[in-house]
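Reader: I would like a close look at a single part of this model, taken slowly and with its surroundings described. Please begin from the structure itself.

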Amino acid sequence: MIKKISVFFLVLLLLSVFHCQVLSAENDLKPVRLIEVVHSIFYAPQYIAMEKGFFQDEGLDIELFTAWGGDKAAASLMAGSGDIALIGPEPSIYVFEQGAKDFIVNFAQLTSTAGSFLVAREPMPDFKWEDVINKKIIGNRPGGAPQMVLEYSLKERGIIPGEDVEIITNLDFTANAGAFLSGRGDFVQLFEPAASTLEAAGQGYAVASFGKAGGNVPYTVYMAKVSFLKDNPEIIQRFTNAIYRAQLWVLKHNPEEIAELIGSYFEETSLDILIRVIQRYQEQGSWSNNPLIEKEIFEHYEEIIIMAGELAEKVDYKMVVNTEFARKAIEIIK
């Protein structure tokens, strides 16, 4: 009996030590406040990194916030309400142009195409961009990535916004689908899962992809202030490592497997729609294969911003982009 009691208390002691070690390990995680511009299936690799524990493996504890707007996300980052933000790179360019001392630097790329679609009221299997002439498109906020890529897609095909086609830009992007359903506009620019949801209900039809029309761009990237990068290079490296691991995971798995893993982040979206959206993004190469922000595609994006009238000339790539962490992640993670 004495031996049994001794063994029992030994087991309890070992369990207690193990529990304390686990708590200690959890407490050793470095907290990182991450601001995402919106909560979207478009950012699937980020949720993969969270769900698979890639951030924890790198010693990071991610606290995720959603800003619901690029301008809001950038403002929160500049105000110190977050450490890292996931936005289009244009805020970093604007902040640098304004002469801020502690400006924003882009260090890792998540998506490499636009994520929105042009949705029509009726099926248009033979759609041509000329079909929007003399029509109305519900677009997005001027100066934001979706609107600039929309305008670029039109101008590249000789269609002048405001002259050949009217674009409605005074709505919040979350109101676009509702406005379209109420009868406003002939076309609407929608992100997923709104586009696929309208299609499934027979209320709209995606006739063109801005991801394909806009070409390869650093559409959404991770960024932080100069001061944070300088003071926390180890955190930035670990964060970039986790994102790259997630990008590699996404490359090797099909839409069904990805949907199953991130389904809890989008409980309001049916599994069928989720799979459909993921398949669309995979097919058009929306998710970057690695976190490196290449100079050529960054400068292509700057050309889109200049064409939109939001920038006079390109800024120095080396000032607003840091490739050190992405290159190291690619080197050490196989």
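Against which helices and strands do the buried residues of helix 14 pack?

Author: The model is a predicted one, and what follows should be read with that in mind. The buried residues of helix 14 pack against helix 5 (90-97), strand 4 (104-111), helix 6 (145-155), helix 9 (210-214) and helix 15 (317-320). The residues of helix 14 that are buried are I297, F298, H300, Y301, E302, I304 and I305, a list that includes H300 and E302 alongside I297 and I304. As to its length, helix 14 covers residues 295-307, and because 13 residues at 1.5 Å a residue should span 18 Å, the 18 Å between its end C-alpha atoms agrees with that expectation. Helix 14 is followed by G309, whose phi is positive, near 80°.

Turning to another helix, R280 lies in helix 13, which comprises residues 271-283. With a relative accessible area of 18%, R280 falls under the 20% cut-off and therefore counts as buried. The side chain of R280 is joined to that of E199 by a polar contact of 2.7 Å, and, leaving aside neighbours within four places in sequence, R280 is in contact with F117, E192, A195, S196, E199 and A206.

A loop residue completes the picture: F42 is placed between strand 1 (30-36) and helix 2 (44-51), and F42 is buried, with a relative accessible area of 1%. Not counting residues up to four places away in sequence, F42 touches T111, T113, A114, G115, Y219, T220, Y281, S286 and W287.

Note on methods
Residues numbered from 1 in each chain as written. Predicted model: local features only at pLDDT ≥ 70, side-chain atom pairs only at ≥ 80, totals over all residues. Heavy atoms only, no water. Helix = DSSP H or I, 4+ residues; strand = E, 2+ residues; numbered from the N terminus. Buried < 20%, exposed > 50% of the residue type's maximum accessible area, 1.4 Å probe, protein only. Polar contact = N/O pair within 3.5 Å; in protein donor to acceptor, adjacent residues only side chain to side chain. Contact = heavy atoms within 4.5 Å. Expected span 1.5 Å × (residues − 1).
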